[in-house]
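Subject: Structure handover

Hi,

Here is the structure for you to look over. My notes follow below it.

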Amino acid sequence: MDRWQRTWVAAVTGLVALTGFGILPDLWPFVSWGMFSSPARDVSDYLVVVAVHEDGTRTVHRDERLPGGYLREGYLHRFEQAGQDQRRRECARMLDDLRSRDATVEHVELERWRWDLLDRVGTGPAEVERTRLGGCA
Amino acid sequence: VSTATGARAWAPLVSERLGFAPAPATGMVALRVGLYGAIAIWALTLSPTEVAETAALHWEPRSVLRLLPAPPPTAGVVAAWAATIVLACAAALGWRGPLTRAALVPPLVLVAGLVDASFGSLSHRTALTVVLALVLAPAPLAAHWSLDARRRRRAGEPAPAWRTAAWAWPVAVARIVVVLVYLSAGVAKLRFGGVGWLRPESFQRWTYSRLDRMEEPSQLGLWIAENPALAAAAAAGILVLQLSVVSVLVWPRLGPWVAGGIVAFHVGSWLALGLQFLLQAAVAPLPLLPWERWRGRLGRPRPPVGPVPPG
């Protein structure tokens with residue numbers, strides 16, 4: 001193993017350790033592996049995108065329809081903190097995204113959904129509290 | 001002085017345990033073919049135009065992608081995607097040694113970064129694979145069972161040594177990286193979650209928080225979440241696996257068991273929670289498995305012994 005190879009390997013491996021254990025912030029692909037490590041919260045609280053079609057039907061879009069980062073709590077927090085212009089831009093991006101998949105989407109509504117994770121009826125949450133955050137057409 | 005002498009006495013043992021002692025080329029070949037083959041297959045599963053369009057639509061780059069002033073054009077993403085496939089195949093076949101692998105890094109980082117780090121949040125699905133491609137770029141992986149080896153043979157050059165430390169260190173380094181990834185995940189659970197992470201209700205909440213967002217939640221996930229004993233067992237199993245991965249550095253013979261645990265963990269979390277880490281599940285076991293022992297069982301003759309070539 002040459003000296004430069006040793007230096008390269010030490011640098012990359014060191015970054016894996018320092019970011020992995022959370023000593024340095026994420027520098028993808030060097031990332032902290034602490035996801036799902038804190039105790040889960042009692043309630044789930046996130047942004048849901050509702051597509052309203054030309055015929056008035058409503059389709060709820062969840063994680064698998066949009067990039068994962070969209071619907072997580074962090075995104076909801078950022079959306080709530082954002083100014084009106086930023087909110088309008090975000091809403092327009094979601095509308096474009098949904099229209100690119102389904103031309104019948106007329107407008108979108110953004111809702112905050114909140115429910116107690118362990119309060120269940122059958123396989124779903126017993127009660128979901130919905131708050132309208134905005135919308136765009 | 002005695003401490004330094006003691007450290008020197010321990011150094012060969014530690015080096016051997018960590019896998020840096022001379023080793024046959026089998027592990028190095030398996031790592032090369034497996035890692036770069038998996039990268040090529042992963043890239044083939046992507047639609048580059050969809051990757052480009054999604055990134056442009058939701059452009060909010062993180063980490064190294066912030067170096068880009070704007071989302072890359074679709075043609076650029078398609079070119080990087082094609083380069084990733086071609087160079088990963090060439091690297092798997094051992095063509096032009098470190099040059100091919102170094103050339104693969106920029107397009108791979110771009111394509112994987114667009115998938116995992118371009119939308120305001122970070123996904124971890126490709127991180128380990130990209131790190132392995134980075135750290136192994138300068139490693140001698142193409143000396144045996146490769147197009148480079150065939151070229152040397154045709155040129156009348158002597159065959160390289162079959163057993164040497166040069167073939168051992170890439171596998172040892174890859175093993176340390178894999179251990180660091182899983183160990184840091186386990187330590188984070190102890191650090192941030194503590195004993196509370198092992199309580200069934202904590203695992204149930206994590207599971208429901210994923211499943212409730214799915215249009216068709218996994219029946220396996222619901223079954224685990226509805227049974228506190230299963231939820232507690234799953235949480236304990238994950239923590240034990242992640243903390244015990246480090247054992248392969250002390251007892252390399254545990255490698256197949258740990259590798260099996262890693263694959264079971266990723267397949268299980270995919271089926272139960274929809275967490276798709278199949279690329280990582282394919283790549284992480286590679287440096288942990290006893291490839292030479294398995295090759296010996298096949299009764300293949302060893303290649304002739306010779307000097308160590310560069311690259």
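Below are the fold of chain A, its salt bridges and one charged patch.

Keep in mind that this is a predicted model.

Fold first. Chain A has four helices and six strands. Their order along the sequence is α-β-β-α-α-α-β-β-β-β. Chain A has 137 residues, and 42% of them count as buried. Its exposed surface is about 7,200 Å², with 51% supplied by carbon and sulfur atoms. For contacts with a separation of 6 or more, 54% link residues 24 or more positions apart.

Now the salt bridges. There are 13 over all chains. One of them pairs A:Asp42 with B:Arg205, at 3.1 Å from N to O. A:Asp42 sits in the loop between helix H1 and strand E1 of chain A, and B:Arg205 sits in helix H9 of chain B, so this pair joins two chains. A:Asp42 is partly exposed at 46% relative accessibility. B:Arg205 is buried, at 16%.

Within chain A, A:Arg58 bridges to A:Glu109, with the closest N and O atoms 3.4 Å apart. A:Arg58 lies in strand E2 and A:Glu109 in strand E3, so the bridge ties together parts 51 residues apart in sequence. A:Arg58 is partly exposed at 47%; A:Glu109 is buried at 13%. Both belong to a salt-bridge network with A:Glu111 and A:Arg132.

A:Arg88 and A:Asp85 form another bridge, at 2.9 Å between the closest N and O atoms. Both are in helix H4, three residues apart, about one turn of the helix.

Last, the patch. A:Asp116, A:Asp119, A:Glu127 and A:Glu129 gather in a patch of negative charge on the surface. A:Glu129 belongs to strand E6 and is partly exposed, at 48% relative accessible area.

Best wishes

Note on methods. Residues numbered from 1 in each chain as written. Chains lettered and ligands numbered in written order. Predicted model: local features only at pLDDT ≥ 70, side-chain atom pairs only at ≥ 80, totals over all residues. Heavy atoms only, no water. Patch = residues over 30% accessible without salt bridge, like charges linked within 9 Å, V, L, I, M, F, W, Y side chains within 5 Å. Areas by Shrake-Rupley, 256 points an atom, 1.4 Å probe, with all protein chains shown as cover. Salt bridge = Lys/Arg side-chain N within 4 Å of Asp/Glu carboxyl O. Lys, Arg positive; Asp, Glu negative; His and termini not counted. Charge placed at Lys NZ, Arg CZ, Asp CG, Glu CD. Buried < 20%, exposed > 50% of the residue type's maximum accessible area, 1.4 Å probe, protein only. Contact = heavy atoms within 4.5 Å.
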